[in-house]
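Student: Could we go through this model together? I'd like to ask things as they come up.

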Amino acid sequence: MTITNPTTPSPGGTDTTGARTPEAAEVIGGARERIDALDDRIIGLVQERMAVSAAVQRARTASGGRRIHLSRENEILGRYRDALGRPGTALAMTLLELGRGRV
């Protein structure tokens with residue numbers, strides 16, 4: 001098994017980063033590490049959001065309300081859409097679905 005250093009281009013001129021120079025491979029490798037760290041934080045925040053949403057749903061249903069509050073969900077959709085454009089709506093829908101606890 002050959003292990004390729006991500007900053008060393010392979011004989012074909014590329015490496016696991018797709019870069020064509022060692023300098024570009026180094027930049028990409030560093031950026032990927034940062035992205036992985038950000039993804040870990042995002043996953044943790046999503047899990048935290050899911051737990052908070054579950055607490056809200058329990059309180060709402062215990063008081064006789066419905067589990068889902070559609071006007072609040074529409075606020076969230078609008079906020080994500082305004083901040084991130086059309087893909088923000090899809091992201092918000094995914095978060096809302098995760099928060100409902102029925103994935």
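Student: What does Gly-64 do just after α1?
Tutor: Gly-64, which comes just after α1, takes a positive phi of about 95 degrees. Helices here are DSSP runs of H or I with at least four residues, strands are runs of E with at least two, and both are numbered from the N terminus. Before we go on, note that this is a predicted model, in which local features need pLDDT of at least 70 and side-chain atom pairs count only at pLDDT 80 or more, while totals for chains, interfaces and linings use all residues. Residues are numbered from 1 along each chain as its sequence is written, and side-chain values use heavy atoms, with hydrogens and water left out.

Student: And which residue follows α3?
Tutor: That is Gly-101, whose phi is positive, near 75 degrees. The C-alpha atoms of Gly-101 and Ala-54 are separated by 7.3 Å, although the two residues are 47 apart along the chain. Ala-54 belongs to helix α1 and counts as partly exposed because its relative accessibility is 26%, where buried means under 20% relative accessible area, exposed over 50% and partly exposed in between, with a 1.4 Å probe and protein chains only.

Student: OK, stepping back, how many helices and strands are there?
Tutor: The protein chain has three helices and zero strands, and its elements run α-α-α from the N terminus on. Of its 103 residues, 17% are buried.

Student: How many residues does α1 have, and how far does it reach?
Tutor: α1 has 41 residues and reaches 60 Å from its first C-alpha to its last, close to the expected 60 Å at 1.5 Å a residue; the expected span is 1.5 Å times one less than the number of residues. Its buried residues are Ala-25, Gly-29, Val-46, Ser-53 and Gln-57, and what covers them includes α3.

Student: Then which residues of α3 are buried?
Tutor: In α3 the buried residues are Gly-88, Ala-92, Leu-95, Leu-96 and Gly-99. They lie on the same side of α3 because they cover an arc of only 100 degrees around the axis, the arc being that of the directions from the helix axis to the C-beta atoms. On the other side of α3, Arg-86 and Pro-87 are exposed. The cover over the buried residues of α3 includes α1 (22–62) and α2.

Student: How do α2 and α3 cross, left-handed or right-handed?
Tutor: Their crossing is right-handed, a term used when the near helix is turned clockwise from the far one by less than a right angle, anticlockwise being left-handed. The axes of α2 (residues 70–84) and α3 (residues 86–100) come within 7 Å and cross at roughly 145 degrees. Axes are lines fitted to C-alpha atoms, for helices over the stretch in contact, and angles run from 0 to 180 degrees between N-to-C directions.

Student: Which residues meet there?
Tutor: With contact meaning heavy atoms within 4.5 Å, the α2 residues Glu-73, Ile-76, Leu-77, Tyr-80, Arg-81 and Leu-84 meet a set in α3 that includes Leu-91, Leu-95 and Arg-100.

Student: What does Arg-100 touch?
Tutor: Leaving aside residues up to four places away in sequence, Arg-100 touches Gln-57, Arg-67, Ile-68 and Glu-73. Arg-100 is partly exposed, with a relative accessible area of 24%, and its C-alpha is 7.7 Å from that of Met-50, 50 residues apart in sequence.
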